[in-house]
Amino acid sequence: MSEIVRRIVRRWYHPSLLRSSGQYTWSPALQLHTSGTAMSVTQKDFENAMNQVKLLKKDPGNEVKLKLYALYKQATEGPCNIPKPGAFDFVNKAKWDAWNGLGSLPKETARQNYVDLVSSLSGPSSESSSQVKPGADSKQEGYENLLVTSEDRITKILLNRPTKKNAITTQMYHEIMLALKAASQDDSVLTVLTGSGDYYCSGNDLTNFTDIPPGGVEEKAKNSSFLLRDFVNCFIDFPKPLVAVVNGPAVGISVTILGLFDIVYASDRATFHTPFSHLGQSPEGCSSYTFPKIMGSSKAAEMLIFGKKLTAGEACAQGLVTQVFPDSTFQKEVWTRLKAYSKLPPNAMRISKEIIRKNEKEKLHAVNAEECNVLLSRWQSDECMNAVVNFLSRKAKL
Ligand SMILES: CCCCC/C=C/CC(=O)SCCNC(=O)CCNC(=O)[C@H](O)C(C)(C)COP(=O)(O)OP(=O)(O)OC[C@H]1O[C@@H](n2cnc3c(N)ncnc32)[C@H](O)[C@@H]1OP(=O)(O)O
C-alpha cells in the first residue's frame with residue numbers, strides 16, 4: 001500500500017470528514033405556514049395540499065416535514081434568501097439546509113413537488129384536480145431515500161434526497177434495484193425514474209468511499225464493483241418501457257445509465273456531466289458502448305474522457321435525450337404524455353421493447369462486467385483517492 005493510500009485511509013476514518021445527516025426533533029417551529037401568495041394554474045391544488053397536511057392522521061416524520069417546509073418556502077418565496085443559522089441552532093439550521101438544498105428550483109416546480117408529496121402522504125383524494133398528478137395512487141413503503149408510487153399504470157421511482165442533490169448512497173443502489181424488481185412485477189406498464197428538488201442526481205455519493213470494511217480499500221473496491229455490476233444489470237434486463245424524467249442537472253452514473261433507458265425527457269435546466277477523468281475514474285453504466293453508438297465516438301470521447309458537460313439541447317441533438325421541454329411546463333407536459341402512453345396495450349409495448357433490445361443484451365452484460373472490472377482498479381488508484389479526498393475536504397467540486 002503506498003503512502004498516499006495510507007494517508008487517505010487514515011483521512012477516510014477521520015471523524016471531521018464524516019458529515020452526519022443529523023436527526024431533527026419536530027417542534028412547532030417546523031410547522032408549515034398556511035398562507036400563500038396567489039399563483040396561477042395550481043394555486044387551488046397548492047392550497048388543497050396545505051389543508052391536507054393539517055389533516056394528516058399520521059405524523060410523516062421530521063425528514064418529510066423538512067421537505068414540505070422547504071418546498072413551501074421555495075414555492076412561495078423562491079430560492080433561500082435568509083442567512084445560514086449558526087451550527088448550534090439545530091432546528092433552524094435543518095430548515096435552512098432543506099430550503100437552501102432546493103437551489104434555484106423554480107417556484108412552479110416546487111409547488112408541483114409539494115402537491116405531489118402531500119398526495120403521496122394522504123393517499124387518493126376525492127377532490128378533482130386540474131393537474132396530472134403522478135404518484136397519488138399508492139405509495140410503496142420500505143424505502144428510505146426513494147419515494148415509489150404507482151398511478152395510472154405508471155410506477156414512479158423518485159430519488160428523494162434533495163439536500164444532497166440526490167447523490168446515490170450504497171443503500172440507495174439497493175433500494176433502486178428493489179424498486180425496479182417490484183416495478184417489473186407489478187401491474188404498471190411504464191416505469192419512470194426522476195429526482196426531487198433542483199437536481200436529477202449528482203451521481204455516486206462520494207462519501208460511499210469513506211465506509212471502509214475490515215479488509216481495507218481492496219475489499220471496498222471489490223464490494224463496490226459487484227454492487228455496480230448488479231445495479232447496471234437491473235437496467236439492462238428491465239422488461240418494461242423505462243423512462244427517465246430528468247428534472248435538473250445529472251452527473252456521473254445517473255447520466256451513463258441513460259443509454260439503457262427507452263425514453264429520456266429533460267427539462268431545459270438539465271445538464272449532463274460525466275467527469276470521470278477529473279475523478280480518476282472510468283466510464284460505467286455501459287456508456288463505453290452505448291455513448292459511441294448513440295452519438296458517435298468523438299462526441300462520446302469528449303464527454304467520457306474529457307468530461308464535457310452537455311446542455312439539455314446538446315444532449316438532445318446528440319441523441320442521448322429524446323425531447324427537451326421548458327422547465328416551467330416540464331412536469332405537466334411530460335406526465336400528460338406519459339399518461340397517454342400508459343394507455344397503450346402493455347403486452348405490445350413489452351414485446352416491442354424486447355425485440356428492440358434482445359440482440360444487444362449479451363453485449364451489454366459483457367461491457368458492464370468489463371467496466372466494473374476496470375473500475376475495481378481505478379477505485380484503488382491514487383488519482384481516484386485524491387479526487388475523493390479533495391471533494392470530502394471541500395477542496396474540489398465539479
Ligand atoms: C457502488 C458504487 C458505484 C459507483 C459508481 C460510480 C459512479 C461514478 C459517478 O457517479 S461520478 C460522479 C460523482 N459525483 C460528483 O463528483 C459530484 C460531486 N458534487 C459536486 O460537485 C457538487 O455538489 C454539485 C456540482 C453536484 C452541486 O454543487 P452545489 O454547489 O450546487 O451544491 P453543494 O455542493 O453545496 O451540494 C449540496 C450538498 O450535497 C452534497 N453532495 C452533492 N453531490 C454529492 C455527491 N456526489 N456525493 C456526496 N455528497 C454530495 C454536498 O456535499 C452538499 O452537502 P452539505 O450540504 O452537507 O455540504
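Helix 7 (residues 216–237) gives the most to the shell around the ligand, contributing 3 residues. The model is a predicted one, and the ligand site is a good place to start reading it. In total, 27 residues surround the ligand, and the closest of them are K164, N204, L206, R394 and K397. Sorted by class, this shell holds 13 nonpolar, 7 polar and 7 charged residues.

Several polar contacts can be picked out at the ligand. From K164, a polar side-chain atom comes to 2.5 Å from an oxygen atom of the ligand. L206 takes part through its backbone, with an N or O atom 2.8 Å from a nitrogen atom of the ligand. I253 also uses a backbone N or O atom, placed 3.1 Å from a ligand oxygen atom. Taken on its own, the ligand has 1,100 Å² of accessible area, and the protein covers 83% of that.

One of the closest residues to the ligand, R394, also marks a feature of the backbone. R394 follows helix 14 and has a positive phi, near 70°. Helix 14 itself spans residues 382–392, and its buried residues are C384, M385, A387, V388, V389 and L392. For a reader tracing this pattern along the helix, it helps to recall that an α-helix has 3.6 residues a turn, so residues three or four places apart point the same way.

Positive phi values turn up at other non-glycine positions too. K165 is not a glycine, yet its phi is positive at about 55°. This lysine sits in the loop that runs between strand 3 (154–159) and helix 6 (170–185). K165 is classed as partly exposed because its relative accessible area is 25%, a value that falls between the 20% and 50% limits. C286, likewise not a glycine, has a positive phi of about 70°. The loop that holds C286 connects strand 8 (271–273) with helix 9 (287–295). Is C286 buried or exposed? It counts as buried, because its relative accessibility is 0%.

The loop between strand 8 and helix 9 also contains S277. S277 has a relative accessible area of 42% and is therefore partly exposed. Its C-alpha atom lies 7.8 Å from that of L304, a residue 27 positions away in sequence. Within helix 9 lies S287, which counts as buried because its relative accessibility is 0%. Between S287 and V189 the C-alpha distance is 26 Å, for a separation of 98 residues in sequence.

Attention can now turn to empty space inside the protein. Rolling a probe the size of a water molecule over the atoms shows where such space is left. How many cavities of 30 Å³ or more does a search of the whole structure find? The search returns 3. The second largest cavity contains about 40 Å³ of space. Its lining is made up of L159, I168, I176, L193, C201, F231, S254 and I257. By class, that lining comprises 7 nonpolar residues and 1 polar residue, with no charged ones.

Two further helical residues round out the picture, each paired with a distant position in the chain. K73 belongs to helix 3 (residues 62–77). Although a lysine, K73 counts as buried because its relative accessibility is 11%, which is under the 20% limit. From K73 to A301 the C-alpha to C-alpha distance is 41 Å, with their positions 228 residues apart in sequence. N373 is part of helix 13 (residues 346–378). With a relative accessibility of 52%, N373 is therefore exposed, the cut-off for that class being over 50%. The C-alpha atoms of N373 and Y114 are 42 Å apart, and the two residues are separated by 259 residues along the chain.

Note on methods
Residues numbered from 1 in each chain as written. Predicted model: local features only at pLDDT ≥ 70, side-chain atom pairs only at ≥ 80, totals over all residues. Heavy atoms only, no water. 1 Å grid on protein atoms, 1.4 Å probe; cavity = no way out; pocket = protein on both sides within 12 Å on 5 of 7 lines; lining within 4 Å. Points joined across faces, edges and corners; volume = space filled by probe spheres on them. Nonpolar A, V, L, I, M, F, W, Y, C, P; charged D, E, K, R; others polar. Buried < 20%, exposed > 50% of the residue type's maximum accessible area, 1.4 Å probe, protein only. Helix = DSSP H or I, 4+ residues; strand = E, 2+ residues; numbered from the N terminus. Near = heavy atom within 4 Å. Polar contact = N/O pair within 3.5 Å; in protein donor to acceptor, adjacent residues only side chain to side chain. Areas by Shrake-Rupley, 256 points an atom, 1.4 Å probe, with all protein chains shown as cover.
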